[in-house]
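Work through the two exercises below with the sequence and the model in view, and try each task before reading its solution.

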Amino acid sequence: MERTAALAAQQPNYLIGPSRHGHALRPSSSFPEKRYPCPTSLRLQKQFPLAFCSVLQQPASPLIRNATLSDTYSNEVTELADLDWENLGFGLLPTDYMYTMKCGRDGNFFKGELRRFGNIELSPSAGVLNYGQGLFEGLKAYRKHDGNILLFRPEENALRMRMGAERMCMPSPSVEQFVEAVKATVLANRRWIPPTGKGSLYIRPLLMGSGAVLGLAPSPEYTFLIYVSPVGNYFKEGVAPIHLVVEHELHRATPGGTGGVKTIGNYAAVLKAQSAAKAKGFSDVLYLDCVQKKYLEEVSSCNIFVVKDKVISTPAIKGTILPGITRKSIIDVARSEGFQVEERLVAVDELLDADEVFCTGTAVVVSPVGSITYRGRRVNYVEGGFGVVAQQLYSVLTRLQMGLIDDKMNWTVELR
């Protein structure tokens, strides 16, 4: 520790930036690239060889924080970012570093790099901007009481991105590349991980067609990028019940389309109905299937569960519903707790006499539903908090995610 601190004191401030592989943002000619084998970057290289970053010396931009590598990476440094941790919402708070990795025409992603969080440069003709060739993921990191960090099922996000990339005609990082990049990004931004019980570090991996293309075709180049932000509750209600309205005119997805993968266009398509619902005082929108218009699909960014007589039902994954990782986890937790879980067609009429309804997702984790309005009829459920079933499942899952109970599922990945 003393040797690392001494070396850090001798070195100027560093930015983690682009390597010779070529990124649009380069150091100015008056500050040529210079590499340093600093202890912390060597540690990350050894720990995450697929996510090795290069280190450049250049003056700090006035738009970014002026932090040293030792401030960012040293395991001994425990100082948290200066935030109001008691009042975190769900919004972007710029952190220190992001991760980027490129892929050319050969379909192989070469070694990525950590660089200062900031704007990126894209051609106006980039595939993601012109034809929507892009995917994203979402997962979280939690701080344990002992200061160690837990990731929740990152390999599942990697597998889902690979599935989505195949549907969108894109190459994708391997599961190992994805997970190592997530680990490196989280460790680089560890001071932004909220204290235990105050929130989490939301991790947003992106895969996009960054190469220039004019005619309709796959992009000639792809960029894999990860940024992070500390977050609190997704809905303004916090863990209080949310209020949904069933949308029966507009639809989120169609059979044979891309509703079952996490492509960026799926989310733009819900904004009109969601904005109208929020203007009327609802929290979000619950969508129906577009063929018979009577079966539940999902909320704008969450999966839906219905409880009746201790039986938990959720719409089956059939190509129009995103296979949520929290959804999958809740099903497994529920079955381990002795509940009967059915994945099937769930008719909208079943909402009328349900005992409980709740939503699941990475951002919301588990959110109780207080009411659902369908064609002008409002059905009320629990008041002021969770129903009995949702509370039990929420408690088990969140305690597991935060390392408060033994992980018998082997779902968490611990970083020190």
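Helices and strands are runs assigned by DSSP, with at least four residues for a helix and at least two for a strand, and they are numbered from the N terminus. The model is a predicted one.

**Exercise 1.** Determine which elements and residues line the largest pocket.

*Solution.* Begin with the space itself, since the largest pocket holds about 700 Å³. Its lining consists of 32 residues, and those closest to the centre are Y234, Y267, Q274, S301 and A363. Next, look for the elements that supply at least two lining residues each, which are β8 (200–209), α7 (265–268), α8 (271–279), α9 and β16 (356–361). Among the contributors, α8 gives the most, with three residues. Finally, sort the lining by class, which yields 14 nonpolar, eleven polar and seven charged residues.

**Exercise 2.** Describe how helix α9 packs against helix α10, and say which residues make the contact.

*Solution.* First locate the two helices, α9 at residues 325–336 and α10 at residues 388–401, whose axes lie 10 Å apart and meet at an angle of about 110 degrees. Because angles of 65 to 115 degrees count as roughly perpendicular, α9 is roughly perpendicular to α10. The crossing of α9 and α10 is, in addition, right-handed. The next step is to list the residues in contact: α9 brings T326, S329, I330, V333 and A334, while α10 brings L393, V396 and L397. Sorted by class, the residues of this contact between α9 and α10 comprise six nonpolar and two polar ones, with no charged residue.

Notes. Residues numbered from 1 in each chain as written. Predicted model: local features only at pLDDT ≥ 70, side-chain atom pairs only at ≥ 80, totals over all residues. Heavy atoms only, no water. Axes fitted to C-alpha atoms, helices over the stretch in contact; angles between N-to-C directions. Parallel < 35°, antiparallel > 145°, perpendicular 65-115°, else oblique. Left-handed = near helix turned anticlockwise from the far one by under 90°. Contact = heavy atoms within 4.5 Å. Nonpolar A, V, L, I, M, F, W, Y, C, P; charged D, E, K, R; others polar. 1 Å grid on protein atoms, 1.4 Å probe; cavity = no way out; pocket = protein on both sides within 12 Å on 5 of 7 lines; lining within 4 Å. Points joined across faces, edges and corners; volume = space filled by probe spheres on them.
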